[in-house]
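Here are a few exercises to work through with the structure open beside you. Try each one by eye before reading its solution.

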Amino acid sequence: MSRIGVFVCHCGENISRTVDVERVAAQVGKMPGVAFATDYKYMCSDPGQTLLKKTIQEQKLSHVVVAACSPRMHEKTFRKAVEAAGLNPYLCEMANIREHCSWVHEDKQEATAKAIEIVGMLVERVKKNRVLPTITVPVTKRSLVIGGGIAGIQAALDIADCGHEVILVEREPSIGGHMAQLSETFPTLDCSQCIMTPKMVDVANHPKITLYSYSEIEQVDGYIGNFQVTIRRKARSVDEDKCTGCGICMEKCPVKKIPNKFDCNLGMRPAIYVPFPQAVPNTPVIDRDNCIKFKTGKCGLCQKVCGPGAVDYEQEDRLVVEPVGAIVVATGFDLYTIDEKPKGSMIKGYGEFGHGKIPDVIDGMTFERLASASGPTGGKILRPSDGKEPKQIVFIQCIGSRAREKGISYCSKVCCMYTAKHTMLYHHKVHDGQAYVFFMDARTPGKAYDEFWRRSIEEEEAVYIRGMVSRLYQKGDKIVVMGSDIAVGVQVEIEADMVVLATAIQPRTGADSLAQKLGISYDKYNFYSEAHAKLRPVECATAGIYLAGACQGPKDIPDTVSQASAAAAKVMTLFAKDKLEREPIVARVKEAGCVGCFACKKVCAYGAVEEKEIRDRQGNLIKVVAYVNPGVCGGCGTCQATCPSKSVELDGYTDEQIVAMIEAL
Amino acid sequence: MHSEKTKHDFEPKIIAFVCTWCTYAGADLAGTSRMQYPANVRVLKFPCTGRIDPVFILKAFQQGADGVLVSGCHPGDCHYIAGNFHARRRFAAFRKLLEFVGVDLERLQFSWVSAAEGGKWVEVVTELTEKVRNMGPMTEFKELALEEQWSGTIDTPELKEAYNAI
């Protein structure tokens with residue numbers, strides 16, 4: 001006979017406001033098998049857990065049900081407490097009467113009745129729970145970092161400095177990401193290249209870091225501690241081992257006029273190129289869509305001039321499989337393109353403000369390239385249309401961001417600060433120019449941030465106009481910007497030479513397909529979801545995968561670097577152990593019933609089902625049955641629902657347990 | 001958000017079979033966002049929709065459920081790679097069988113609700129509750145249970161004939 005203990009939590013007032021917790025405890029206490037039932041203000045607190053442990057010992061409880069919040073929140077907490085009291089942790093279940101009951105209903109009577117039923121269901125379930133042993137698996141102490149921007153670089157360096165091997169995968173030909181494109185950074189106006197490029201070189205020189213640039217993640221198998229990652233190394237057409245980075249191929253390439261994406265299409269590059277002079281690795285790549293050799297079969301100049309013979313037109317994509325124990329995802333962001341809907345993106349540009357039609361309406365990143373000393377203009381602020389210096393410049397904030405009706409409701413977080421920076425850079429370079437900023441709110445929380453913003457107004461003479469722009473059109477070589485100043489209540493009209501749009505930050509195009517490969521969740525904008533917004537901000541709900549940088553949400557550089565170091569710390573915590581305990585929620589075959597049809601093997605996505613021969617003492621084969629490798633099993637239970645003879649069972653979710661719950665209703 | 005509460009003559013019993021990664025988390029999100037929905041639904045958590053045996057749906061109807069909801073991750077988003085695809089295929093076949101047995105398919109709903117879709121969870125639950133409430137209680141299995149108070153004696157001529165032939 002089971003002696004079940006039920007503990008009903010008030011959660012302060014979160015549950016007790018709409019659920020009569022005392023009544024729940026009293027009612028459940030009468031159920032067969034329940035030996036003890038009580039309610040308590042905060043079960044998860046130290047006194048709450050002590051009460052739980054003490055009661056288990058005093059009442060000699062055999063099973064425990066904690067009726068409180070979602071098991072996603074505190075199941076681990078209570079299972080740990082139960083274990084400390086000497087009971088197997090899997091004899092403890094949680095009844096979710098907060099997220100699924102008290103928070104979503106108002107009627108106290110109704111909510112209380114529902115709570116009693118929910119707890120009743122779990123009481124019936126827990127009776128069928130079995131003691132499950134913890135399963136230990138080995139940990140591969142190597143880590144994969146996806147994305148070579150500042151987030152990925154920081155995480156890779158931290159992990160590698162701790163002595164663990166790191167595989168850094170970057171989609172583009174060079175690492176550096178968006179930070180390498182920036183001119184100067186707020187709030188200190190450090191030159192971005194000056195603080196970024198040494199880190200890039202550190203990555204290239206680190207003995208523990210293997211850099212796969214121009215590569216993408218093809219497939220991810222396995223689980224925490226034991227992932228198998230297939231990486232596609234795209235054909236570079238240049239042998240990285242042979243190339244010395246002399247650059248003669250780029251000089252001789254006859255194709256010269258290809259817009260360079262790194263310079264926001266302002267500068268030009270040849271068909272064999274490195275995206276920017278400080279690229280790491282400094283190995284060129286052939287853009288096969290624009291190369292004459294690949295288009296017509298003629299040319300081949302680069303191969304002729306290459307001294308070490310590194311140019312290889314025959315090179316093909318290669319697949320590399322790397323075993324790793326942990327994965328840091330740091331894929332960063334894309335800027336919202338206002339004039340078009342990018343392929344694969346679900347957010348449609350709303351085609352306003354003349355972006356894409358008027359050449360002197362540019363976005364913030366293009367302005368960064370104009371202001372950058374290594375940019376296409378050598379750091380001079382010049383209009384893309386005619387190369388003149390703009391004397392009146394208008395910055396418009398919140399393009400796409402905070403526009404619920406246009407598809408993005410969030411704040412992109414960095415635009416207020418980078419626009420303030422832009423006005424300063426502009427004023428430093430065009431002394432007689434005037435900058436205007438149209439803004440909704442200036443959001444400047446952060447160390448020395450508000451001071452920086454104020455400086456742009458008070459010392460650098462930027463004029464801030466609170467209000468949005470209603471119309472913008474070209475008139476001669478000017479751009480007329482019409483808007484309202486809602487602080488004063490007047491209409492404003494500015495004849496500008498150039499307009500800079502602070503477009504929203506959104507996840508990388510294709511972020512969702514990478515998430516599907518990794519098995520991590522993402523929100524409706526495709527930002528990756530952390531396991532808990534406050535308490536587990538760098539971990540994914542999927543164990544062994546961590547997040548860093550803007551792929552999780554808009555972030556500035558200090559926040560990105562902090563999160564990257566935090567993710568690295570999490571990886572190192574994981575690697576501190578030689579063996580890893582995993583949840584024993586795995587499938588088990590009941591060999592007596594198994595007929596060896598292997599329907600389970602066909603549906604198993606993990607390849608965990610093996611064939612096992614059963615022989616008698618003379619060694620004669622009796623039958624072949626299925627065997628589930630507990631180290632490989634993912635624990636989805638698809639095999640159990642598929643098995644025609646019901647001979648495979650998922651521990652923790654057995655038919656018995658589920659039917660008991662259904663019957664309790 | 002204190003909406004007018006209307007009392008209904010019939011409160012249907014809805015059982016939801018959901019996966020822990022997407023829909024259960026989505027329902028949690030509805031809670032943390034303090035959205036409101038009818039209290040008729042009871043949630044059973046599974047690791048994956050792939051674990052849900054169609055027999056559970058039948059069992060739920062037998063146990064007096066008036067409506068059943070099965071919900072998991074969107075196609076392609078399965079935490080276990082492909083469990084939801086197996087579920088989808090299985091339930092497509094199972095629906096036909098259920099229809100053949102005589103269960104009104106309107107009582108059974110499949111949906112995809114992700115961890116970010118608290119609002120969709122509320123919509124799905126509210127809609128199904130309203131629909132089933134209008135349909136009234138599910139009586140077929142209860143009637144069957146009454147009919148099947150079988151004594152164990154072979155009393156029809158066909159059964160007798162079959163028995164004698166053995």
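**Exercise 1. Start from one residue pair in chain B and build up the sheet around it.**

Step one: find B:Phe17, which stands opposite B:Val70 in β3(B). Bear in mind that you're looking at a predicted model.

Step two: widen the view to the strands. β1 (residues 14–19) and β3 (residues 67–72) of chain B run parallel and are joined by five bridges.

Step three: place that pair in the whole sheet. It's an open, four-stranded one in chain B with parallel pairing, in the order β2-β1-β3-β4. At its edges you'll find β2 (41–46) and β4 (108–112) of chain B; each has a single partner strand, so one side of each has no neighbour in the sheet. From one strand to the next, the twist averages 20°.

Step four: add the helix. α3 (residues 83–101) of chain B packs on this sheet, touching β3 and β4 of chain B, and its direction makes about 160° with that of β4(B).

**Exercise 2. Is B:Leu98 buried or exposed, and which residues does it touch?**

Step one: locate B:Leu98 in helix α3 of chain B.

Step two: check the accessibility. The cut-off for buried is under 20% relative accessible area; B:Leu98 has 1%, so it counts as buried.

Step three: list the contacts, skipping neighbours within four places in sequence. That leaves B:Leu58, B:Phe61, B:Val103, B:Leu105 and B:Leu108.

**Exercise 3. Work out which way the side chains of strand β30 of chain A point.**

Step one: find the pairing. β30(A) runs antiparallel to strand β5 (residues 135–138) of chain A, with four bridges between them. A:Ile135 stands opposite A:Arg582 in β30(A).

Step two: recall the rule. In a regular strand, side chains alternate between the two faces of the sheet.

Step three: apply it to residues 579–582. A:Leu580 and A:Arg582 share one face and are buried, while A:Lys579 and A:Glu581 point to the other and aren't.

**Exercise 4. Describe how helices α6 and α15 of chain A cross.**

Step one: get the geometry. The axes of α6 (residues 150–161) and α15 (residues 557–575) of chain A come within 8 Å and cross at roughly 35°. The crossing is right-handed.

Step two: pick out the contact residues. On α6(A) they include A:Ile150, A:Ala151 and A:Ile159, and on α15(A) they include A:Val561, A:Ala564 and A:Met572.

Step three: sort the contact residues by type. You should end up with nine nonpolar, three polar and one charged.

Terms used. Residues are numbered from 1 along each chain as its sequence is written. Chains are lettered from A and ligands numbered from 1 in the order in which they are written. This is a predicted model: local features need pLDDT of at least 70, side-chain atom pairs count only at pLDDT 80 or more; totals for chains, interfaces and linings use all residues. Side-chain values use heavy atoms; hydrogens and water are left out. Axes are lines fitted to C-alpha atoms, for helices over the stretch in contact, and angles run from 0 to 180 degrees between N-to-C directions. Helices (H or I, at least four residues) and strands (E, at least two) are DSSP runs, numbered from the N terminus. A crossing is left-handed if the near helix is turned anticlockwise from the far one by less than a right angle, and right-handed if clockwise. Contact means heavy atoms within 4.5 Å. Ala, Val, Leu, Ile, Met, Phe, Trp, Tyr, Cys and Pro count as nonpolar, Asp, Glu, Lys and Arg as charged, and the others, Gly among them, as polar. Two strands pair if DSSP finds at least two bridges between them. Buried means under 20% relative accessible area, exposed over 50%, partly exposed in between (1.4 Å probe, protein chains only).
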